Amino acid sequence: MALETWLIKVKTAISHSFDSVITSNPIPKPSKRASVGVLAFEIAGLMSKLFHLWQSLSDKNIIRVRNDSISLEGVRKIVSNDESFLLGLACAEMAENLRLIAKSVSRLSKRCEDSGLRRFERLFDDFTNLGNDANCWVLSWKDMEAKTKKMDRYVTVTATLYKEMEELSALENGLRKALQCGELEGTTKEQKVLDLQQKILWQRQEVKYLKERSLWNRSFDTIVLILAKSIFTVLARIKLVFGIAHGYPTSLPRSLSASATVHPTENPTTCNIVSGPLKSSKLEGNKESSNGFFESNSKLLKPPPTTLGAAALALHYANLIIVMEKMIKSPQLVGVDARDDLYSMLPNSIRSSLRARLKGVGFSASDPVLAGEWRDALGRILAWLSPLAHNMIKWQSERSFEQQNLLPKTNVLLLQTLFFANKEKTEAAITELLVGLNYIWRFEREMTAKAFFECANFNGFLNPHQSST
C-alpha cells in the first residue's frame, strides 16, 4: 500500500514538472492555412469552366470554328458574311468567359496568405493589357495539359464528395425521423436505429476520406495558384490562336491551318509567350491601353439594335422555329388548337407580315404539286434556320442557374445562335415558314376530308339498303 502511494506521488511530481516545462517553453505549432471548405464546390465549377475553355482553344476546335462554325449557312444568311467580325465574336465570347472566371478567382485571392496571390487582380490586369508576366505564370502546353488533368481529377472527386455529403444528410434525416417515429416499437425500432447509425458511421468515414482527396481541405493559396496559372495560360492561348497583338482578330494564324498538327504551339519559353506581339505596335498598344482588352471584347458582344438579341427575342424565336419545325414534319397531326397556340406565339410584327402575305389567298389547298413545292421550300429554309434555333436553346440551357457550375456539354458559340441574327431577315424567314405551313396544313386536312368522304360513299355503294334506311 505504501509502495502504491509512493508511486502515485512520483507520477504526480513528474507530471507537474513536465507541465511546468511545457508552460514555460511552449512548443510552437505549425501554422495551418485555412482550407476552402464548402467553397470547394464553387471552385470545382470554376475549374470545370477553365478546363472546357482550354479544350475549346485546341487547334482542332479552333479549326472547327473557322471552317464550320462561322461557315454555317444560317450564320452567313442572317448573322454576318464578314469573317473578321465573326472571328471577333468567337474571340470576344471566350475572353468574356475567362473574364468572369478571373473575377471569381480575384475574390478568392483576397483570402490567401501569400501577398503575391492577394495581388492577383492587379497582376492579371497588367498581363492582360501590358503583357507583363512577372511571376512567370504562363505555362507551356505540356505543363498546362498536366495542370488541366489535375484540375479534372479535383473536379471529379469534389463532385463525388457532394453526392456523398447529400447521402449522409439523407441518412441523418432518416435517423432523426426513426427516433421520432411512434409507429415502430421494441426491437424493430432499435434494429432500424442501429442500422442507420452504422450506415452513418461508414458514410462519415467516406466523406472524411473524400474531403482529404478533394478541393475541400486544400488551402486558398494552393487553389488560387493553380487557377491563376491556368487563367494566365488560357489568356495567352486566346491571344495566340486568334493572332492578337491588340484589338480583335482579322484572321487566324497560318500555323492553325487545316493541315496543322494537333498541338503545334508548345513553347518551352513560357514567360514571354505574348510579350512579342503585345509590344510590336505602339499605335495598337495605345489603343488597347485606353480601351482595355476585356472592355473591348465586352462591347463587341453587345448586340446591334437590328438584332434579335437587342430586341430580347432570340430565345422566343428559337422556340417558335422549333415548334414550326415539328408541325412541318407532321402537318396531318396538327389540330386547330395547336395552330391557334402557334399563332398566339407570334409577335405583332410577324402577324402583320403574315396577314399581308395571306391576303387574297383562296381557301382551297388541293394542288399536290404546289404542296410538294412548299414542302421542298420549307425544308430548305429549315436546313439553315433550324440549327441556329437549336443552338440557341443549347447555349441558353447551359447557362441557366441550375447548370452554371457544371461543365458545358457542347461547344456552341453565341455567333452560332439567333442572338446576333438580323431581326428583319429572321422574321421574313419565319413568315415564309408560316405561309408554307398554312398551305400544307390545309392541303392535308382537305385530303383527309376527301378520303373520309370517298370512304363513306364507297361504304354506301356497298350497302345501298342501309344507306336508304
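## Helix α3 and its cover

In this predicted model, helix α3, which spans residues 59-67, has as its buried residues Asp59, Asn61, Ile62, Ile63, Val65 and Arg66. The elements that cover these buried residues of α3 include α2 (40-56), α5 and α10 (220-241).

Helix α5, one of the covering elements, carries Ile101, a residue that counts as buried because its relative accessibility is 3%. Once the neighbours within four places in sequence are left aside, Ile101 is in contact with Leu46, Lys49, Leu50 and Ile231. The pairing of Ile101 with Ile231 joins positions that lie 130 residues apart along the chain, with their C-alpha atoms separated by 8.1 Å.

## The chain as a whole

The chain contains 19 helices and 0 strands, and of its 469 residues 41% are buried. Among contacts between residues at least 6 apart in sequence, 83% join residues that are at least 24 apart. The accessible surface of the chain comes to about 26,600 Å², and carbon and sulfur atoms account for 56% of that surface.

## The nonpolar core

In soluble globular proteins, nonpolar side chains tend to be buried together. The largest nonpolar core in this model has 122 residues, and those with the most contacts inside it are Met47, Phe242 and Leu418. Both domain 1 (38-242) and domain 2 (313-456) contribute to this core, with at least three residues drawn from each.

For Leu418, leaving aside the neighbours within four places in sequence, the contacts are Ile78, Leu308, Gly309, Ala314, Tyr317, Ala318, Ile321, Leu385, Leu388, Ala389 and Met392. Tyr317, one of the contacts of Leu418, is also touched by Glu427, a residue described further below.

## The loop between α4 and α5

Ser80 is placed in the loop between α4 (73-78) and α5 (83-109), and with a relative accessible area of 15% it falls under the 20% limit and is therefore buried. The side chain of Ser80 reaches the backbone nitrogen of Asp82 at 3.0 Å. Not counting its neighbours within four places in sequence, Ser80 is in contact with Val75, Phe85 and Leu86.

## Helix α7 and the loop that follows

Helix α7 covers residues 120-130, and within this helix Phe120, Leu123, Phe124, Phe127, Thr128 and Asn129 are buried. The helix is followed by Gly131, whose phi is positive, near 80 degrees.

Cys136 is found in the loop between α7 and α8 (141-180), where its phi is near 50 degrees, a positive value in a residue other than glycine. With a relative accessible area of 35%, Cys136 is partly exposed.

A positive phi in a residue that is not a glycine occurs at Ala312 as well, with a value of about 55 degrees. Ala312 belongs to the loop between α13 (293-300) and α14 (314-329), and its relative accessibility of 67% is over the 50% limit, so that Ala312 counts as exposed.

## Cysteines

The structure holds 0 disulfides. Cys91 counts as buried because its relative accessibility is 0%, and Cys112 is likewise buried, with a relative accessible area of 5%, whereas Cys136 is partly exposed at 35%.

## Helices α16 and α18

Glu427 has its place in helix α18, which runs over residues 423-462. Although its side chain ends in a carboxylate, Glu427 is buried, with a relative accessible area of 11%. Not counting residues up to four places away in sequence, Glu427 touches Tyr317, Ser349 and Ile350.

Helix α16 is formed by residues 348-358 and holds Ser352, which is partly exposed, with a relative accessible area of 39%. Ser352 and Thr431 are 79 residues apart in sequence, and their C-alpha atoms are 9.7 Å apart in space.

Technical notes:
Residues numbered from 1 in each chain as written. Predicted model: local features only at pLDDT ≥ 70, side-chain atom pairs only at ≥ 80, totals over all residues. Heavy atoms only, no water. Buried < 20%, exposed > 50% of the residue type's maximum accessible area, 1.4 Å probe, protein only. Helix = DSSP H or I, 4+ residues; strand = E, 2+ residues; numbered from the N terminus. Polar contact = N/O pair within 3.5 Å; in protein donor to acceptor, adjacent residues only side chain to side chain. Contact = heavy atoms within 4.5 Å. Core = buried A, V, L, I, M, F, W, Y, C linked by side-chain atoms within 4.5 Å. Domains from an automatic or database assignment. Disulfide = S-S within 2.5 Å. Areas by Shrake-Rupley, 256 points an atom, 1.4 Å probe, with all protein chains shown as cover.
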